[in-house]
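Visitor: Could you walk me through the inside of this protein, one step at a time?

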Amino acid sequence: QVQLVESGGGLVQPGGSLRLTCTTSGFTFSTYTMNWYRQAPGKEREWVATITTVGGSSNYANSVQGRFIISRDDAKNTVYLQMNSLKPEDTAVYLCNARRITRGRDYRYWGQGTQVTVSS
């Protein structure tokens, strides 16, 4: 019954902003590192951003550094991706990922994605 559901995608003009939301259930959210990935048609899946558990740190791909911000709200079991100064090359399906490695097990959960299209 693990669920990760992305929302907030849509069509925006270059230079615009969107905030993506990933709402989760069925696992102990606060113990998982959260990630955003994206995938455009015919291209490999690309890592976008990571945020560790509360008190941890965040990291970004060079392609989005300075434009995107990842954040989390453990009380709501939710992770966000604020996307600013959007470019056409940001067009992709954005996927939410949860990961925890503990006791010899690698737990990985994925959402199904939300479409972001940047076009004039």
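Here are some questions and answers about the core and its strands.

Visitor: Which strand gives the most residues to the largest nonpolar core?
Guide: Happy to help, and please keep in mind that this is a predicted model. The core has 29 residues, and the elements giving two or more of them include β3, β4, β5, β7, β8 and β11. The top contributor, with 4 residues, is β9.

Visitor: Is β8 enclosed by the rest of the structure or not, and why?
Guide: Buried here means under 20% relative accessible area. Because 5 of the 6 residues of β8 are buried, the rest of the structure leaves this strand largely enclosed.

Visitor: What is the bridge partner of Leu 18 in β8?
Guide: β3 spans 18–25 and β8 spans 78–83. These two strands run antiparallel and are joined by 6 bridges. In β8, Leu 18 is partnered with Met 83.

Visitor: Which residues beyond its sequence neighbours is Met 83 in contact with?
Guide: Met 83 is among the core residues that touch the most other members. Setting aside neighbours within four places in sequence, its contacts are Gly 16, Ser 17, Leu 18, Leu 20, Arg 67, Phe 68, Tyr 94 and Val 116.

Visitor: Which residue takes a positive phi in the hairpin of β7 and β8?
Guide: β7 and β8 pair in the antiparallel sense over 6 bridges, and one of the bridged pairs is Asp 73 with Thr 78. The hairpin has 4 residues between the strands. The residue there with a positive phi, near 55°, is Asn 77.

Conventions:
Residues are numbered from 1 along each chain as its sequence is written. This is a predicted model: local features need pLDDT of at least 70, side-chain atom pairs count only at pLDDT 80 or more; totals for chains, interfaces and linings use all residues. Side-chain values use heavy atoms; hydrogens and water are left out. A nonpolar core is a set of buried Ala, Val, Leu, Ile, Met, Phe, Trp, Tyr and Cys residues joined through side-chain atoms within 4.5 Å. Buried means under 20% relative accessible area, exposed over 50%, partly exposed in between (1.4 Å probe, protein chains only). Contact means heavy atoms within 4.5 Å. Two strands pair if DSSP finds at least two bridges between them.
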